[in-house]
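Me: I would like to learn how to read a fold, feature by feature. Can you take me through one?

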Amino acid sequence: KKNKPQLEDELKEQARKEADRRLAAYRKATGLKSEDKFKEALSYQGLTLAGLRRQIERDAMVDMLIGQQFRDKAKTVTLADVRDYYDRYPAEFRTEDRVKWLDLFINVRRFLTPEEARVHAEGLLAKAKGGTDFVALAKAYDQGDSNLRGGEGIGQKKGEIKPSELEPKLFAMKVGQVSDLIPVATGYHIVKVVERAEAGQRPFDEKVQAECRAKVTAKIVTREKENLIDELWRKYQPAVVEE
């Protein structure tokens with residue numbers, strides 16, 4: 001209260017920056033580069049740029065004020081509270097079998113004979129297992145479409161891997177491992193696993209604790225906001241006027 005003018009100026013400045021950030025994000029998401037086009041798109045929704053900015057700024061100021069008010073309460077979250085959330089909502093911390101992988105495909109049809117294709121594939125395999133950068137190999141020698149994705153293979157979960165013949169091999173491999181040649185009807189694949197997550201419960205480590213703490217804090221803030229609104233409603237009893 002003593003520094004109300006200064007606080008108000010600071011809130012307005014932060015709200016302006018937040019409005020700039022959100023409006024820029026909206027424009028990027030809609031692909032509207034010019035401000036005139038953006039205004040035109042808003043008008044179709046019955047909105048104006050000034051009105052939208054004003055609403056964003058008001059929301060941001062409310063969020064900042066409420067955040068300051070409840071910040072101390074959020075600090076009271078204990079490790080026991082965090083553990084209780086982890087035990088109460090185990091489904092939020094389960095993982096599925098997932099693999100992120102790189103793919104290098106050699107197309108038999110690009111060679112005069114199947115034997116020539118195999119010899120070429122074995123040469124690339126030797127380079128991959130010898131430590132040559134797999135992404136660089138895929139970009140330079142892949143004869144499928146993984147080179148368009150920086151060498152990344154298609155699909156990460158069971159049932160999503162393409163081609164499907166690679167799935168059993170991928171889920172049996174370890175991180176960093178390069179496969180042998182995997183023959184398919186049209187050629188050979190060489191794959192490398194770069195990330196691997198096995199199905200099960202995530203351990204109660206620092207990362208999970210941080211996620212739990214954020215969730216518990218969000219629940220506290222939501223509850224306190226609702227309590228504040230109820231209190232203000234009872235205290236001032238606003239009237240709803242229909243025009």
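Me: Which strands does helix 6 lie across, and at what angle does helix 6 run to strand 2?

Reply: Start with the helix and ask what lies under it. This is a predicted model. Here helix 6 crosses strand 2 and strand 4. Its direction is at about 40° to strand 2.

Me: In what order do the strands of the open sheet come?

Reply: Read a sheet across, not along the chain. The order is 2-4-3, with antiparallel pairing, and three strands make up this open sheet. Strand 2 and strand 3 (182-184) are the edges, each paired on one side only. From one strand to the next, the twist averages 35°.

Me: How many bridges join strand 2 to strand 4, and how many join strand 3 to strand 4?

Reply: Count the bridges pair by pair. Strand 2 and strand 4 run antiparallel and are joined by 10 bridges. Strand 3 and strand 4 are also antiparallel, with three bridges. A hairpin of two residues links strand 3 to strand 4. For single positions, take V184, whose bridge partner in strand 4 is G187. L104 has I190 of strand 4 opposite.

Me: Which strands does helix 5 touch?

Reply: Look for contacts, then take the angle. Helix 5 packs on the sheet and touches strand 2 and strand 4. The direction of helix 5 makes about 25° with that of strand 4.

Me: Which residues touch the most other members of the largest nonpolar core?

Reply: Find the residues with many partners, then ask which elements supply them. The largest nonpolar core has 15 residues. L104, I106, L124, F134, V178, L181 and I190 touch the most other members. At least two residues each come from strand 2 (98-107), helix 5 (114-129), helix 6 (134-141) and strand 4 (187-197). Helix 5 gives the largest share, five residues. A separate core of 10 residues lies apart from this one, and W101, L170, F171 and M173 are among its members.

Me: What is L124 in contact with, once its neighbours within four places in sequence are left aside?

Reply: Setting those neighbours aside leaves the partners brought in by the fold. L124 contacts L104, I106, L137, Y141 and I190.

Me: Where is S179, and is S179 buried or exposed?

Reply: Place the residue first, then check its cover. S179 sits in the loop between helix 7 and strand 3. The relative accessible area of S179 is 1%, so S179 is buried; the cut-off is under 20%. Leaving out residues up to four places away in sequence, S179 touches L125, K129, K169, M173, H189, I190 and V191.

Me: Where does P90 lie, and why does P90 count as partly exposed?

Reply: Use the same two steps. P90 belongs to the loop between helix 4 (79-88) and strand 1 (94-95). Its relative accessibility is 27%, so P90 counts as partly exposed, between the 20% and 50% limits. Now compare sequence with space. P90 and Q201 are 111 residues apart in sequence, yet 7.6 Å apart from C-alpha to C-alpha.

Me: Which peptide bond is cis, from K162 to P163 or elsewhere, and where is P163?

Reply: Check omega. The bond from K162 to P163 is cis, with omega near -5°. P163 is in the loop between helix 6 and helix 7 (167-170).

Me: How many helices and strands does the chain have, and why is it more spread out than a compact globule?

Reply: Take the element list, then the overall dimensions. The chain has eight helices and five strands. From the N terminus, the elements run α-α-α-α-β-β-α-α-α-β-β-β-α. The radius of gyration is 28 Å, well over the 18 Å that the globule rule gives for 243 residues, so the chain is more spread out than a compact globule. Along the principal axes, its C-alpha atoms fill a box of roughly 85 × 55 × 35 Å.

Me: What share of the residues counts as buried, and what share of the contacts is between residues 24 or more positions apart?

Reply: Of the 243 residues, 28% count as buried. Among contacts with a separation of 6 or more, 68% are between residues 24 or more positions apart. The accessible surface is about 16600 Å², and 51% of it belongs to carbon and sulfur atoms.

How values were computed: Residues numbered from 1 in each chain as written. Predicted model: local features only at pLDDT ≥ 70, side-chain atom pairs only at ≥ 80, totals over all residues. Heavy atoms only, no water. Core = buried A, V, L, I, M, F, W, Y, C linked by side-chain atoms within 4.5 Å. Buried < 20%, exposed > 50% of the residue type's maximum accessible area, 1.4 Å probe, protein only. Helix = DSSP H or I, 4+ residues; strand = E, 2+ residues; numbered from the N terminus. Contact = heavy atoms within 4.5 Å. Pairing = 2+ DSSP bridges. Axes fitted to C-alpha atoms, helices over the stretch in contact; angles between N-to-C directions. Rg over C-alpha atoms; globule rule 2.2 N^0.38 Å. Areas by Shrake-Rupley, 256 points an atom, 1.4 Å probe, with all protein chains shown as cover.
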